[in-house]
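Visitor: Can you walk me through this one? Short answers, please.
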Amino acid sequence: MNKFAERCLVAMIAMCSLPLLATATAQVQDRAAGARTAAARAQHLRRGINVSHWFSQSAKDYSAQHTSTWTTDADIALMARMGFDNVRLSIDATPLEQAPLGSDGLNAEFMARLDHALDTILANGLAVQVDLHPEEPFKAQMHTSNQSVDHLAALWTRLASHYASRDPERVFFEIMNEPEENDPYRWAGIQARLAAAIREAAPRQTIIATGANYSSFPDLLLLHPLADGNVIYNFHFYDPHTFTHQGATWGVSWWRYTHDIPYPATESSREELLKQVPDDASRREMEQYWIDHWDAHRIRATIDKAAAWGKANNVPLICNEFGVYRAHSDPVSRNAWIRDVRTALEADGIGWAMWDYRGGFGVVTKRDGETAQPDPATVSALGLKN
């Protein structure tokens, strides 16, 4: 080949490459613009509260009687007065698909009540995290069935389309609560599929993504950010569970025996409290709480690692669950832990949403039909108004 032919060939290759380079450049620019949007909107998610057991986790009771009394318009107004700026609104997948279905393929009667809840939150000046919080069998099926993933994507398409006209500055779509998928690579594929379905149906909204398993801090570190830039990444923080879940009847079996574990961990309390659990293996597991010296410094060091991941990937973060089970924890210790987590998150510029409003971890106490009573010490630990 002579030099003229070589130059012609090089020119042809360059011309053919131009569309590919232009496409790649546009994608990079689109992602960067999306990331700027997500970072700006994350400022609406600085101080949040979870409303649990309302439209999710309600033992399959999603009747009008339940949803109209568990959390009311007055409760939402109270959240705003206390100083929260957003609400994480958890929604079970099952009632969304039950008859009677509307023209959008969603349960029309259930959606009317859900619309009222979401619009009341917005009317009180609060942002909303629309959290798909499926109970079984959705998660178990998703782990092994690609058809179930397609089903979930179709559900998200309908739900995102339904709310796509709401204010994109204050309505966020969270792909899934705690996926409980042990394979982070499978979850990466599933999450990308669901995010694409949401984005197609709601091109303006910001998406909230998470790591596999229980959305923990280690799960976050294994996550590779999505190609979509308009995404906020979340993690949950309950470390150490020995303290935050003492007395809980779910999870690790020996938690149910524990109570009055202090925070920070004090050596003088260790030997007596270890007697609460019935076997040597459980005692060794429980003892790790003292060995690890959980205190404000340990919490800050852990959350700093999450913040470092966010900075390295140039993405905004939110911790949209943290809290302590109230039934068997000492109030002083519980509120000290809440304060230490909250201040560590704020020091790293990470927004938060406490778990939860009126449940077992609640910031208020309330019975149906009665006015909610905020816990002044917990409100103070959150840096909010009493």
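Guide: Here come the model basics, then the strands.

Guide: This is a predicted model, where local features need pLDDT of at least 70, side-chain atom pairs count only at pLDDT 80 or more, and totals for chains, interfaces and linings use all residues. Residues are numbered from 1 along each chain as its sequence is written, and side-chain values use heavy atoms, with hydrogens and water left out.

Visitor: What do the eight strands form?
Guide: A closed barrel, in the order E1-E2-E3-E4-E5-E6-E7-E8, with parallel pairing. Strands are DSSP runs of E, at least two residues, and helices are runs of H or I, at least four, numbered from the N terminus. Two strands pair if DSSP finds at least two bridges between them.

Visitor: Is E5 buried or exposed, and why?
Guide: Five of the five residues of E5 (206–210) are buried, so the strand is largely enclosed by the rest of the structure. Buried means under 20% relative accessible area, with a 1.4 Å probe and protein chains only.

Visitor: Which residues sit on each face of E5?
Guide: Thr 206, Ile 208 and Thr 210 lie on one side, Ile 207 and Ala 209 on the other. In a regular strand the side chains alternate between the two faces of the sheet.

Visitor: How many bridges join E5 to E6?
Guide: Four, and the two strands run parallel. Ala 209 stands opposite Tyr 233 in E6.

Visitor: And E4 with E5, how many bridges?
Guide: Three, again in the parallel sense; E4 covers residues 171–174. Phe 172 stands opposite Thr 206 in E5.

Visitor: Switching over: where do E2 and E3 lie in the sequence?
Guide: E2 is 86–91 and E3 is 127–132, paired over six bridges. Ile 91 stands opposite Leu 132 in E3.

Technical notes:
Buried < 20%, exposed > 50% of the residue type's maximum accessible area, 1.4 Å probe, protein only.
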